[in-house]
Amino acid sequence: MTTTRLPLKATALLAGLVLAALTGCGAADKGPAEALGTKGPAAPVKAVPAAPPGLAGMPPLLDPNDVYAADRPNKLSPVVKDFPSRVYVPNTSSNTVSVIDPVTYKVIDTIPVGIQPQHVVPSWDMKTLWVNNNRGHTLTPINPATGEAGKPVEVHDPYNLYFTPNGKYAVVMASMDKELVFRDPHTMDRVKTVPVTCFGVNHADFSADGRYFIVSCEFSGELLKVDTEKMEVVGQQKLPFEGAMPQDVKVSPDGKTFYVADMMAHGMWVLGGDKFETPKLLPTGKGCHGLYVGRDSKEMYVSNRGEGSVSVFDFTQNKLTKKWELPDGGSPDMGGVSADGKVLWLSGRYNSEVYAIDTTTGKQLARIPVGSGPHGLAVYPQPGRYSLGHTGIFR
């Protein structure tokens, strides 16, 4: 085979042409070289910050924009769907729990418990109702399937009870002991005690990601911010109102805003939990006390214990839209919303009665006599996948 060699001059010329092709036709242009396969300069890659992780082990929200998405009308978990519908009312001065049939509006049972029961609290797994016997220093378990009480468990100063969103710990609000006590959620054995410098820790709610919770301190007018995983207080502030007495705490559906009822400031404190900035006051009514979100996540019912009324706050409009007055007055305190979302149940703290209120019209449906000093009643069962505690905060 004969190979034809190009003259040296031709070889040099061909090499030059190849080099020109590789370096691009616009070599004379002073602008940046084009990226291969594009029609212009390559766009710089922007770093996207990773979203902060949620609390380890917490079930993910059904809707990242609505922490209450699992609480839709009658959307009962398989765990609770066969439980009879009841309203459990702790009577602080009678040391009993009145059990109401919500269909007949009648008390069908009275359960003796410990001294000064404050709240009836659904467990994280929703299988047990815990009665917080504050001065008796015990928790009485009630089986919601049968309505029967079990053997009390010794727990010191259990004013209120919460559960971390991953179900890892129970958190006892030891009001007089000035402690937050993290316990095993089943045995209630003490895991860690967190002393606090404020007075009267009593109510709380968790951030959307579960990484922290906001706590109200009733007797010193303060708020705490607590790291859930570390079990440490990471923020503390005094409310900007002389004589403030903060009560119930609730987070907004989008998880961005916390609302804190204040019975002496007669309204709700509104603040962003992440920044934990100084809150602003939204007046609602005399003795603002309990906060309960409706089944559609659109409204929140605010009990005004000092004037016998309920204010309705619209989350979308960011304002109060209605006020329902109880006929003949009353002292609406703590409670919850029925599984179908149609009835708001509230204890009448100083009237030895319970109120059933239509959530569409605000009409009082029933006024039911119970024991003395009814307080943190629990409507049960309710929709949701797990309980964060109090009288029923479900997600």
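**Entry 1. Burial of the cysteines**

I take a residue as buried when its relative accessible area is under 20%, as exposed when that value is over 50%, and as partly exposed in between. The model I am reading is predicted. I looked up C217 against this cut-off: its relative accessible area is 0%, so C217 is buried. I then looked up C198, which also counts as buried, because its relative accessibility is 0%. For C288 I found a relative accessibility of 0%, and I therefore entered C288 as buried.

**Entry 2. The disulfide**

I asked how many disulfides the structure holds. I found one. Its partners are C198 and C217, with 2.1 Å between their sulfur atoms. I noted that such a link is a covalent bond joining the sulfur atoms of two cysteines.

Which parts of the chain does the pair tie together? I placed C198 in the loop between β12 and β13 (201-206), and C217 in strand β14 (residues 212-217). The disulfide therefore ties together parts that are 19 residues apart in sequence.

I also checked the handedness. The torsion about the S-S bond of C198 and C217 is about -50°, so I recorded the disulfide as left-handed.

**Entry 3. The sheet β9 to β12**

I traced an open sheet of four strands, in the order β9-β10-β11-β12, with antiparallel pairing. At its edges I found β9 (160-163) and β12 (190-195), each of which pairs on one side only. From one strand to the next, the twist averages 20°.

I examined the pairing of β9 with β10 separately. These two strands run in the antiparallel sense and are joined over four bridges. For Y162 I looked up the bridge partner in β10, and this is V171.

**Entry 4. A nonpolar surface patch**

I asked which residues make the nonpolar surface patch of about 340 Å². They are M176, F199 and F219. I located M176 in the loop between β10 (170-174) and β11 (179-183). Is M176 buried or exposed? Its relative accessible area is 55%, so M176 is exposed.

**Entry 5. K323**

I located K323 in strand β24, which spans residues 319-325. Its relative accessible area is 39%, and I therefore entered K323 as partly exposed. I then looked up the separation of K323 from S303, a residue 20 positions away along the chain. The C-alpha atoms of K323 and S303 are 9.8 Å apart.

Technical notes:
Residues are numbered from 1 along each chain as its sequence is written. This is a predicted model: local features need pLDDT of at least 70, side-chain atom pairs count only at pLDDT 80 or more; totals for chains, interfaces and linings use all residues. Side-chain values use heavy atoms; hydrogens and water are left out. Patches are made of residues with over 30% relative accessible area and no salt bridge: like charges are joined within 9 Å, nonpolar side chains (Val, Leu, Ile, Met, Phe, Trp, Tyr) within 5 Å. Accessible areas come from the Shrake-Rupley method with a 1.4 Å probe; for residues, only the protein chains shown count as cover. A salt bridge is a side-chain nitrogen of Lys or Arg within 4 Å of a carboxyl oxygen of Asp or Glu. Buried means under 20% relative accessible area, exposed over 50%, partly exposed in between (1.4 Å probe, protein chains only). Two strands pair if DSSP finds at least two bridges between them. Axes are lines fitted to C-alpha atoms, for helices over the stretch in contact, and angles run from 0 to 180 degrees between N-to-C directions. A disulfide is a pair of cysteine sulfur atoms within 2.5 Å.
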